[in-house]
Amino acid sequence: MSKDFIKDILPEDYKTRGSYTPAKKIDLGDYYLIFVSGVQAPKNDDHSVVTDDVEEQTKLVFEDIIKILEQADATIDDVVKAVIYITDMNDFDKISAIRGEYFKTAMPVSTLIEANRMTRDGAKIEIEVTAIVKKASGTGL
């Protein structure tokens, strides 16, 4: 089966670990549906995150999500669903405040759960999102 209606989104400077793509852009006719893989704070060469501060990690994660969405011709305002994993529920209020800054227009449906551990050493948050964007007239993948 041909999957020419699905495009992998991989920003040039994005480093992956394992067999996955940061995002998929799916042509639905008049709209594109974009799935963004879980994003954690950037890592050092030793695969540990660049900061221990959960607020800074949260902002870095959102900024990476914005870059990935831009690569797919979408914005943070196109997000309709967010799934957020955190390692300490006591950080909820800090993360929620930052989330609110980024999602003030989108207001996506959301899930937030506490996870035991992330794949990057020191990561305290991971966010995955789904976005939908209307096609501009006469465009394709």
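In this predicted model, Lys25 stands opposite Ile34 in strand E3. This pair belongs to the meeting of strands E2 and E3, which run antiparallel and are joined by 5 bridges. The two strands form a hairpin with 3 residues between them. In the turn of that hairpin, Gly29 has a positive phi of about 100 degrees.

The hairpin can now be placed in its wider setting. Strands E2 and E3 belong to an open sheet of 6 strands, in the order E1-E2-E3-E6-E4-E5 and with mixed pairing. The edges of the sheet are E1 and strand E5 (109-114), each of which pairs on one side only. On average, and with direction ignored, neighbouring strands of this sheet are turned by 10 degrees against each other. Strands of a sheet pair through backbone hydrogen bonds, and the pairing may be parallel or antiparallel. Between E1 and E2 the sense is antiparallel, with 4 bridges, and here Asp8 stands opposite Lys24 in E2. E3 and E6 also pair in the antiparallel sense, over 7 bridges. One example from this pairing is Phe35, whose bridge partner in E6 is Thr130.

A helix accompanies these strands. Helix H1 (residues 54-71) packs on the sheet and touches E1, E2, strand E3 (31-39), strand E4 (79-86) and strand E6 (125-134). The direction of H1 makes about 30 degrees with that of E6.

The loop between strand E1 (6-9) and strand E2 (23-27) holds Thr21. Is Thr21 buried or exposed? Thr21 counts as buried because its relative accessible area is 14%, below the 20% cut-off. The side chain of this threonine reaches the backbone oxygen of Ile9 at 3.3 Å. With neighbours within four places in sequence left aside, Thr21 is in contact with Asp8, Ile9 and Ser37. Asp8 is thus met again here, as a contact of Thr21 and as the residue opposite Lys24.

The second helix to consider is H2 (residues 92-102), which lies across E4, E5 and E6 and runs at about 155 degrees to E4. Which residues of H2 are buried? They are Ile95, Ile98, Arg99 and Tyr102. These residues lie on the same side of H2, because they cover an arc of only 105 degrees around the axis. The buried residues of H2 pack against H1, E4, E5 and E6.

Arg99, one of the buried residues of H2, gives a closer look at this packing. Not counting residues up to four places away in sequence, Arg99 touches Phe62, Ile84, Pro108 and Ser110. Arg99 and Phe62 are 37 residues apart in sequence, and their C-alpha atoms are 8.3 Å apart in space.

Finally, two loop residues deserve a look for their backbone angles. Most residues other than glycine have a negative phi. Asp73, which is not a glycine, has a positive phi of about 60 degrees. Asp73 lies in the loop between H1 and E4 and is exposed, with a relative accessible area of 59%. Met107 is not a glycine either, and has a positive phi of about 45 degrees. The place of Met107 is the loop between H2 and E5. Met107 counts as exposed because its relative accessibility is 64%, over the 50% cut-off.

Notes: Residues numbered from 1 in each chain as written. Predicted model: local features only at pLDDT ≥ 70, side-chain atom pairs only at ≥ 80, totals over all residues. Heavy atoms only, no water. Buried < 20%, exposed > 50% of the residue type's maximum accessible area, 1.4 Å probe, protein only. Polar contact = N/O pair within 3.5 Å; in protein donor to acceptor, adjacent residues only side chain to side chain. Contact = heavy atoms within 4.5 Å. Pairing = 2+ DSSP bridges. Axes fitted to C-alpha atoms, helices over the stretch in contact; angles between N-to-C directions. Arc of directions from axis to C-beta.
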